Structures are given as C-alpha cells and as structure tokens.
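Here are some short exercises to work through with the model open beside you. Try each task before you read its solution.

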Amino acid sequence: MKKIVLIGSIFLGITSFAQTTENYKYKGSVGSMQVEVSLVVNVSKDGCILAFTGTYDHKKLKKQVEMLGEFNACENDISNPDAPTILKEMDGDKQIGIFTLSTLGDPISTGNWTTPDGKKKLPVKLLLQEGSKKK
C-alpha cells in the first residue's frame with residue numbers, strides 16, 4: 001500500500017509542474033524580405049513564464065536560423081503590461097539580430113528587427129497562419 005501512495009505522490013508531483021505548449025506559424029516580412037516563422041511557446045503551469053524557441057528560413061543566409069526568448073507575463077502585467085516580446089536571432093552561437101514583437105500570439109504581430117549593435121532597424125509584420133494551436 002505504501003508503494004501505491006508513493007507512486008501516486010510522485011505522479012502528482014510531476015503533473016503539478018506540467019506546462020502547456022503552443023505552436024505558432026507566421027508568414028510575413030522583415031523589411032522587404034518575406035519570411036515564414038515557426039514558434040514553439042512553452043508556458044509554465046502558472047502562466048507566467050513563456051519560453052520561446054523557433055526558426056525561420058533566412059533568405060540572405062540561405063539557411064534556417066533560430067529564435068530564442070523568454071517573457072515573464074506575470075511580472076510584466078504589473079510593471080509594464082504593454083512590454084514587447086524580445087527574441088534573439090541566432091546563427092549557431094552567434095547572435096545576429098533581435099526581434100522586438102508586440103501582440104505575439106494574436107492574428108497580427110508587429111515590431112522591429114535590429115542588429116545586435118542597434119545600427120540597422122527593419123519593420124516586422126507577421127500574420128498568424130491556420131494550424132497554429134495549443135497542445
């Protein structure tokens with residue numbers, strides 16, 4: 001009987017740390033470059049921490065580049081509810097850009113892409129595609 005209680009407690013402990021995963025697919029533009037972006041958002045159980053990973057086909061580099069970011073929704077609801085989501089654009093270990101996006105997850109997300117040194121800035125407009133879903 002003790003084994004059953006212990007196994008039940010372990011299972012309950014594991015499921016209490018569960019998180020949800022949301023998959024988003026966008027089509028749009030970074031400046032004049034057409035892009036297709038796939039983002040996976042892991043949302044903590046309390047809904048506060050959103051961890052972003054994603055990729056898009058970089059036309060100039062002719063390869064997939066990675067997008068990474070984290071957003072604390074609960075902290076920003078209090079201090080800055082309109083805070084944008086910031087995603088690092090990575091080529092391997094090298095950061096090659098920064099996406100600053102508003103309303104990520106809504107039908108239209110807008111913002112800017114900048115170089116890491118901030119010298120070049122391009123507008124970003126992304127449209128949410130059919131098939132984006134929560135798991």
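The exercises below go from the overall layout to single residues.

Two notes on conventions come before the tasks. The model is predicted, so local features need pLDDT of at least 70 and side-chain atom pairs count only at pLDDT 80 or more, while totals for chains, interfaces and linings use all residues. Residues are numbered from 1 along each chain as its sequence is written, and side-chain values use heavy atoms, with hydrogens and water left out.

**Exercise 1. Lay out the elements of the protein and describe its surface.**

Step 1: Assign helices (H or I, at least four residues) and strands (E, at least two) as DSSP runs, numbered from the N terminus. This gives two helices and nine strands, in the order α-β-β-β-β-α-β-β-β-β-β.

Step 2: Turn to accessibility, where buried means under 20% relative accessible area, exposed over 50% and partly exposed in between (1.4 Å probe, protein chains only). Of the 135 residues, 29% count as buried.

Step 3: Add up the accessible area by the Shrake-Rupley method with a 1.4 Å probe; for residues, only the protein chains shown count as cover. The protein exposes about 8,900 Å², and carbon and sulfur atoms supply 58% of that area.

**Exercise 2. Find the disulfide and describe its geometry and its place in the chain.**

Step 1: Search for pairs of cysteine sulfur atoms within 2.5 Å. The whole structure yields one disulfide, formed by Cys 48 and Cys 74 with their sulfur atoms 1.8 Å apart.

Step 2: Place the two partners. They link distant parts of the chain, 26 residues apart: Cys 48 lies in the loop between β2 (33-43) and β3, and Cys 74 in helix α2 (residues 73-79).

Step 3: Check the handedness. The torsion about the S-S bond of Cys 48 and Cys 74 is about -80°, so the disulfide is left-handed.

Step 4: Compare the surroundings. Cys 48 is buried at 12% relative accessibility, and Cys 74 is partly exposed at 29%.

**Exercise 3. List the salt bridges.**

Step 1: Look for a side-chain nitrogen of Lys or Arg within 4 Å of a carboxyl oxygen of Asp or Glu. The count comes to three salt bridges.

Step 2: Take Lys 63 and Asp 91, whose closest N and O atoms are 2.7 Å apart. This pair joins distant parts of the chain, with Lys 63 in strand β4 and Asp 91 in strand β5, 28 residues apart. Lys 63 is partly exposed at 35%, and Asp 91 is partly exposed at 25%.

Step 3: Add Glu 36 with Lys 27 at 3.9 Å, and Asp 57 with Lys 59 at 3.8 Å, N to O.

**Exercise 4. Which side chain of opposite charge is nearest to Glu 89?**

Step 1: Locate Glu 89 in strand β5 (residues 85-91).

Step 2: Count Lys and Arg as positive and Asp and Glu as negative, leaving out His and the chain ends. The nearest side chain of opposite charge is Lys 120, 10 Å away, and Glu 89 is buried without a salt bridge.

Step 3: List contacts, meaning heavy atoms within 4.5 Å. Leaving aside neighbours within four places in sequence, the partners of Glu 89 include Tyr 56, His 58, Lys 94 and Trp 113.

**Exercise 5. Examine the backbone at Lys 62.**

Step 1: Recall that most residues other than glycine have a negative phi.

Step 2: Read the angle. Lys 62 has a positive phi of about 60° although it is not a glycine.

Step 3: Find its setting. Lys 62 lies in the loop between β3 (49-58) and β4 (63-72) and is exposed at 73% relative accessibility.
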